[in-house]
There are 4 protein chains.
Amino acid sequence: MSQGRVGIWFIGVRGGVATTTILGLVALRRGLIGTSGLVSALPKFAELGLREWSDWVVGGHEIRSTTLRDEAMQLADTSRAVDRDLVRQIADDLDQIDANVRPGVLVNVGNTIEKLADDSLRQVVETPAEAGARIQSDLKAFAAEHDLERVIVVNVASTEPAPDLSGLPSTWNELKPRLADAACPISASSIYAIAALDLAFPFVNFTPSPGSNHPAIEDLAAQRKTCHMGHDGKTGETLLKSALAPMFAARNLEIMSWVGHNIFGNLDGVVLNDPENKSTKVKSKDRLLGEILGYNPQTHISIEYIKSLGDWKTAWDHIHFRGFLGTPMIMTFTWQGCDSILAAPLVLDLVRFTERAARDGEVGLLTWLASFFKSPLGVAENDFVRQVQMLEERWSDDASE
Amino acid sequence: MSQGRVGIWFIGVRGGVATTTILGLVALRRGLIGTSGLVSALPKFAELGLREWSDWVVGGHEIRSTTLRDEAMQLADTSRAVDRDLVRQIADDLDQIDANVRPGVLVNVGNTIEKLADDSLRQVVETPAEAGARIQSDLKAFAAEHDLERVIVVNVASTEPAPDLSGLPSTWNELKPRLADAACPISASSIYAIAALDLAFPFVNFTPSPGSNHPAIEDLAAQRKTCHMGHDGKTGETLLKSALAPMFAARNLEIMSWVGHNIFGNLDGVVLNDPENKSTKVKSKDRLLGEILGYNPQTHISIEYIKSLGDWKTAWDHIHFRGFLGTPMIMTFTWQGCDSILAAPLVLDLVRFTERAARDGEVGLLTWLASFFKSPLGVAENDFVRQVQMLEERWSDDASE
Amino acid sequence: MSQGRVGIWFIGVRGGVATTTILGLVALRRGLIGTSGLVSALPKFAELGLREWSDWVVGGHEIRSTTLRDEAMQLADTSRAVDRDLVRQIADDLDQIDANVRPGVLVNVGNTIEKLADDSLRQVVETPAEAGARIQSDLKAFAAEHDLERVIVVNVASTEPAPDLSGLPSTWNELKPRLADAACPISASSIYAIAALDLAFPFVNFTPSPGSNHPAIEDLAAQRKTCHMGHDGKTGETLLKSALAPMFAARNLEIMSWVGHNIFGNLDGVVLNDPENKSTKVKSKDRLLGEILGYNPQTHISIEYIKSLGDWKTAWDHIHFRGFLGTPMIMTFTWQGCDSILAAPLVLDLVRFTERAARDGEVGLLTWLASFFKSPLGVAENDFVRQVQMLEERWSDDASE
Amino acid sequence: MSQGRVGIWFIGVRGGVATTTILGLVALRRGLIGTSGLVSALPKFAELGLREWSDWVVGGHEIRSTTLRDEAMQLADTSRAVDRDLVRQIADDLDQIDANVRPGVLVNVGNTIEKLADDSLRQVVETPAEAGARIQSDLKAFAAEHDLERVIVVNVASTEPAPDLSGLPSTWNELKPRLADAACPISASSIYAIAALDLAFPFVNFTPSPGSNHPAIEDLAAQRKTCHMGHDGKTGETLLKSALAPMFAARNLEIMSWVGHNIFGNLDGVVLNDPENKSTKVKSKDRLLGEILGYNPQTHISIEYIKSLGDWKTAWDHIHFRGFLGTPMIMTFTWQGCDSILAAPLVLDLVRFTERAARDGEVGLLTWLASFFKSPLGVAENDFVRQVQMLEERWSDDASE
């Protein structure tokens with residue numbers, strides 16, 4: 001089947017996750033790397049007709065003034081996670097993608113994120129509606145310039161402080177006029193989501209920011225007959241929780257306390273050092289345990305910025321549980337993972353699966369993508385293996401066709 | 001539904017696992033402890049009609065001269081896993097059970113196990129057939145004396161060296177006459193299995209010893225229309241492997257090496273310090289990884305006897321894996337579990353589920369008990385959650401009836 | 001040499017540390033336990049003429065209404081650190097010691113500690129001078145009743161919030177009149193120190209509270225020709241820091257970051273959950289690294305109350321360091337120690353060494369006790385082994401006499 | 001003081017340790033790296049008059065046919081420990097040093113090492129005396145060609161199986177004629193030591209191979225008035241043991257068991273996978289614990305070759321100890337160090353200090369270098385800090401002059 005080209009549009013296109021994703025996409029296209037870490041490259045999805053690496057055109061929004069080449073080289077230098085020689089090999093491709101980058105939106109992103117932004121951008125004053133219009137204009141121009149069949153918009157920008165959206169209406173028709181009000185509490189991630197969905201472009205939220213997680217925005221997606229999913233990519237400690245907690249539950253081993261300490265030193269860490277932004281994140285990480293276990297053990301989650309670690313997020317978890325005869329026992333684990341390296345392939349998986357579902361005409365929340373998210377929207381299942389089964393089952397017919 | 005009483009017959013009835021199981025069973029009967037660690041006590045199995053704790057009568061074979069009371073007190077003293085006051089409270093019950101203990105069989109168990117045995121027992125010379133007849137006589141007397149509807153025989157004795165059974169025939173009718181030959185290589189665990197199954201008593205093998213794992217013995221079970229399952233209870237490190245390896249597989253994270261070091265200091269450890277016995281065990285622990293992943297990473301498993309640890313089996317696993325862009329990452333975990341405490345509730349679960357299946361008339365291997373075993377007989381599935389689903393599905397209709 | 005009896009007077013006599021110390025002292029006296037954990041029982045101090053276990057009479061101040069017997073049994077029940085049978089064996093001795101307990105002082109101890117106190121005690125309103133007079137009356141009565149040659153006062157009470165003592169004068173003659181002022185910011189630990197030193201009773205501060213750490217109180221000790229030392233017993237994570245950091249320094253391995261997470265669930269943990277009290281503690285734990293290394297790496301110390309752990313303080317430390325060619329490397333350690341069990345023998349060591357020094361007529365800070373403290377007063381040396389050498393050298397002549 | 005140039009002669013010059021040492025030496029000379037990891041670069045040794053990096057000329061013996069440039073690039077590729085760009089920058093220097101490399105000796109090195117050797121070298125049949133003469137000729141040519149004041153010979157070759165030297169005489173005059181016998185059991189490391197010392201060139205043994213550790217060879221060093229030291233560089237797990245065990249000893253905490261598991265995947269690992277070679281190493285690692293503690297706890301040391309780890313030697317140690325009231329407690333640590341990176345600066349330190357001592361006219365074992373070795377010859381002190389004090393004290397006068 002001959003197909004046209006498709007676009008990925010990153011919110012936060014020069015951040016660590018997007019940069020690594022782009023680096024990997026280009027390297028895959030050029031045959032420089034293998035498919036380790038890519039769920040969508042597993043043999044069981046081989047017959048699905050997912051897009052080839054060469055089908056994708058990349059663009060995005062960014063609030064900082066830097067270049068993909070510089071960001072990629074910095075990842076190589078500070079984190080030892082990316083090979084400097086690989087960056088050199090594909091630097092020209094990175095420069096080309098840089099040409100597709102447009103200035104991002106700072107509406108209600110909070111002080112810590114604002115401080116990272118380019119000066120000129122911090123001067124801009126715009127209502128949510130104005131910002132949304134600007135985004136849509138960027139997206140349409142990108143699609144037109146590259147003659148794209150479809151654009152998947154993915155949010156990989158820094159975590160926003162949680163806005164108070166309780167006063168907002170629950171339908172799109174009521175919400176829309178409110179966006180013209182400068183005092184509307186809606187934040188950038190949701191403005192991007194609205195802009196994308198309104199153009200019938202699927203939206204994927206890889207961060208714990210609100211994004212499309214609001215009834216009125218879900219309503220918009222339904223009206224435009226497009227799909228979306230979120231939120232917060234499940235890359236490390238929470239992934240392990242969703243694999244391990246079901247084991248304790250299935251064995252009736254009572255978890256008395258589960259303590260998780262996370263340390264890392266990338267830009268995300270700087271942002272999460274702000275207690276407001278951190279609270280959004282911790283809430284996302286802490287929820288699933290009670291849902292899997294059916295009771296709420298004492299938990300403690302810390303996230304600390306330790307500069308020397310760069311992109312290497314190290315988690316230490318201490319699980320104190322009680323077995324037969326009430327005997328207390330202990331499991332601890334240490335996870336030394338490179339955050340961007342873990343996230344990037346999942347982002348590629350998500351855009352590929354989402355593009356495939358959009359091609360199928362699927363509308364609304366893509367709940368079968370639950371295994372990719374810490375807090376999968378519309379999904380109560382938190383057992384990782386059962387979430388993976390949801391993915392397999394969604395495509396079991398298509399693959400066998 | 002009014003029911004008669006049923007029996008548990010332990011092979012190795014005064015070993016750490018059996019002693020802890022008995023301690024727990026009596027304590028449950030008396031309402032002294034909760035149901036932590038018992039899978040069969042989970043709400044989802046509440047409607048299954050599993051036997052009450054008070055329905056069970058306990059007996060068994062043993063090769064050492066000791067008492068349950070002494071063994072229980074020693075567990076309390078050396079391992080801090082069992083409460084000394086609890087042992088005191090139920091010491092009289094333990095003494096009563098001791099009255100149901102009969103001398104075990106040493107045929108082909110190897111030097112290390114023989115050395116543990118009572119002197120008088122080491123004088124006994126018997127063919128497999130003679131040993132089997134003795135066992136059956138013990139089992140029948142036990143069932144008769146206590147007026148038992150059914151007896152479940154469970155092997156929790158020390159791991160035997162692997163016998164070479166390749167020369168044996170594959171049907172029961174051919175095997176039977178061979179048992180009269182003193183040179184028959186069949187070892188104690190299989191003699192017990194044959195003795196039990198031949199009486200139509202279900203047999204559960206909680207150890208890596210051969211037990212019923214031979215075509216001719218499976219044939220016997222089919223002929224007698226009874227059921228059996230094994231082998232090697234999945235209590236600690238391997239349980240974690242079966243919960244974690246599927247996560248790496250589902251995420252396409254390539255495991256380069258998985259190293260597991262196990263240290264512990266109980267009687268099992270003394271026996272496993274003999275390389276012949278250890279090899280049986282390591283084989284059982286090492287198999288599942290390749291089956292889950294679809295390729296064979298470098299693995300190393302060590303099991304070392306460290307006296308000071310007593311029954312606290314500590315495992316340290318180092319998992320070296322490769323993610324996107326070929327980036328190597330590391331997960332390590334430490335498991336500090338008390339071996340008998342982890343095993344005992346599973347033994348109770350197995351006898352309860354097996355008794356229930358026997359009541360149902362199920363014949364042959366109980367493959368839906370896979371989640372309880374390191375090497376589930378007749379089962380290719382090694383993903384723990386999917387094994388748990390096999391258990392749930394087996395009883396999903398019954399429970400909803 | 002025939003000697004009279006001597007006293008230990010505990011501030012916080014029914015807390016976890018004092019209870020365990022008393023339990024151990026009685027058990028040593030009765031020959032029920034060995035001398036593991038006791039520095040003063042090492043062969044190198046055998047000739048020093050330290051007091052026998054039977055020489056000591058115990059009393060103390062306490063703010064909670066409970067009994068030593070109950071506290072000891074609770075330690076046994078919740079922490080599995082103390083043997084219940086041992087508590088039963090010596091319960092009568094504990095009751096006798098309870099007769100020597102007097103109501104403690106709540107002046108400026110902060111809300112969190114006040115909440116733990118007996119209601120009647122919380123009604124008491126007294127100036128520091130009045131509280132001090134009450135303490136001295138208790139101490140004198142204790143010494144008289146038991147005909148004691150000397151009493152060593154040891155503070156093992158909960159950590160107070162740091163008071164602001166900057167406005168206080170630096171000599172005893174100036175400070176003394178200020179104690180009659182109800183607004184004087186001095187807190188209980190210092191009032192105890194003053195009361196003791198003023199009677200020429202040596203004072204040891206095992207906690208990070210101020211105690212005798214003030215020029216005016218040091219002046220008092222000098223005037224009364226008695227000795228004192230502090231502060232904050234070095235039992236776990238900090239002990240390891242003082243053993244490991246010198247290794248990194250000696251090898252010129254640059255520490256980039258040192259992260260320490262501490263979790264535990266005893267009463268001390270409840271108190272340290274109050275940020276004001278915690279800050280006193282963290283400051284004491286964080287200081288030594290810079291002093292050993294000669295530069296200040298990024299550090300992070302967390303102390304979290306995790307109820308299920310009871311008295312088992314678990315520390316996880318992550319040390320990120322740079323070696324040759326700037327290569328980053330990692331050491332992590334886990335310390336699973338029982339806090340009271342680690343502290344108790346050090347308390348006995350301190351009172352024995354302090355009593356010995358007092359017998360020698362030593363006056364002022366006992367700086368050669370540095371190895372016992374996180375923040376040894378008047379000592380710049382933080383290398384544990386070099387601190388141990390200070391102890392050895394202090395007594396090298398006496399031992400060889 | 002104007003000084004001539006000096007030489008370092010490596011046994012095993014293209015192995016991981018020598019290659020990294022050379023890389024670092026060149027990079028230091030060119031100002032491309034800092035002095036992290038170099039003990040001799042600490043301020044306290046600044047006034048000692050140690051040689052500048054530019055003073056050293058490098059040569060060595062090697063049994064494999066490869067190049068320094070290739071070995072360096074492979075370290076960069078497989079271990080992520082060395083920067084590929086750094087190797088490129090100094091590749092020309094590496095080529096120049098390659099010109100000073102001569103074929104090594106295979107006498108009694110065992111099968112595993114022989115297999116690594118160049119084919120042509122494996123054809124050579126020579127007695128120890130002939131091999132020694134060949135080595136001396138190489139050393140003299142090197143010294144002459146570069147006009148060197150002195151050459152320090154350092155053994156960093158793979159660990160040999162332990163030869164049985166019990167039948168050899170204990171004086172040089174008696175040993176010398178025996179070297180002409182092809183059946184003489186002396187192995188390569190000792191032949192190198194003899195060759196060097198006989199020329200009055202100091203010899204340093206960084207490996208657990210015998211080297212100069214024999215009375216007759218010590219006699220030779222004394223006769224030639226030169227110095228030597230060994231053996232087995234203390235880089236990782238044993239370094240930690242010598243820092244931690246004294247802490248347990250000083251606190252009278254009884255170590256019940258100390259288990260150490262080491263995994264790594266470099267060439268050294270291949271060699272140590274041979275049980276004969278491994279036994280030499282384990283003996284060297286296991287000795288010090290009993291010497292520090294004064295009693296022998298149960299120990300277990302494993303060293304396993306895990307290919308994926310490359311040069312990253314990961315050690316997990318589990319320390320089970322008993323404190324007050326006999327309470328068992330646990331410390332574990334994980335050490336993730338790059339073996340060559342840890343060893344290389346110590347090699348530079350050793351040659352600098354040894355050259356300085358030789359300049360001073362010191363003769364015999366340089367016992368004050370104990371802190372650098374797992375098994376310091378002629379030294380009973382195993383406490384790391386006290387060993388460091390020996391180094392400081394040796395030079396305290398010189399530094400202060």
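How many salt bridges are counted between chain B and chain A? In this predicted model, the count between these two chains is two. One salt bridge joins Glu392(A) to Arg386(B), with the closest N and O atoms lying 3.2 Å apart. Across the interface of chain B and chain A, 18 residue pairs are found in polar contact, both residues of each pair having pLDDT of 80 or more. The elements of chain B that each contribute two or more residues to the side touching chain A are helix 1 (16-29), helix 11 (237-250), strand 9 (312-322), strand 10 (328-338), helix 15 (339-359) and helix 16 (384-400). Strand 10 of chain B gives the most to this side, with eleven residues, and the residues of the side as a whole divide into 41 nonpolar, 15 polar and seven charged.

The extent of the contact between chain B and chain A is described by residue counts and by buried area. In terms of residues, 63 of chain B are in contact with 63 of chain A. The two chains bury about 4,800 Å² between them, and 66% of this area is on carbon and sulfur atoms. Within chain B, the residues that lose the most area to chain A are Arg251(B), Phe324(B) and Leu325(B), which together account for 19% of what that side buries.

Strand 10 also takes part in pairing between the chains: strand 10 of chain A, residues 328-338, and strand 10 of chain B pair in the antiparallel sense over seven bridges. Within this pairing, Trp335(A) has Met331(B), in strand 10 of chain B, as its bridge partner.

The relation between the two copies was examined by superposition. A turn of 180 degrees, with a shift of 0.0 Å along the axis, lays chain B on chain A with an RMSD of 0.0 Å. The two copies are therefore related as by a two-fold rotation axis. In chain B, the C-alpha nearest the axis belongs to Phe333(B), at 2.0 Å from it. The same surface serves both copies, in that 100% of the contact residues of chain B recur in chain A.

A further interface is formed between chain D and chain A, with seven residues taken from chain D and seven residues from chain A. The area buried between chain D and chain A is about 570 Å², of which carbon and sulfur atoms give 6%. In chain D, Arg80(D), Arg84(D) and Asp85(D) lose the most area to chain A, and together they make up 61% of what that side buries.

Between chain D and chain A, six salt bridges are counted, and in one of the salt bridges the side chains of Asp85(D) and Arg88(A) meet with an N to O distance of 2.5 Å. Seven residue pairs in polar contact are counted between these chains, with both residues at pLDDT 80 or more. Helix 3 of chain D, residues 84-89, gives the most to the side of chain D that touches chain A, with three residues, and the residues of that side divide into one nonpolar, one polar and five charged.

Chain D is likewise superposed on chain A by a rotation of 180 degrees with 0.0 Å of shift along its axis, the RMSD being 0.0 Å. Of the residues of chain D, Arg80(D) comes closest to the rotation axis, its C-alpha being at 3.9 Å. The same surface again serves both copies, with 100% of the contact residues of chain D recurring in chain A.

Key: Residues numbered from 1 in each chain as written. Chains lettered and ligands numbered in written order. Predicted model: local features only at pLDDT ≥ 70, side-chain atom pairs only at ≥ 80, totals over all residues. Heavy atoms only, no water. Contact = heavy atoms within 4.5 Å. Buried area = accessible area lost by both parts, 1.4 Å probe. Salt bridge = Lys/Arg side-chain N within 4 Å of Asp/Glu carboxyl O. Polar contact = N/O pair within 3.5 Å; in protein donor to acceptor, adjacent residues only side chain to side chain. Helix = DSSP H or I, 4+ residues; strand = E, 2+ residues; numbered from the N terminus. Nonpolar A, V, L, I, M, F, W, Y, C, P; charged D, E, K, R; others polar. Pairing = 2+ DSSP bridges. Least-squares fit on C-alpha atoms with pLDDT ≥ 70 in both.
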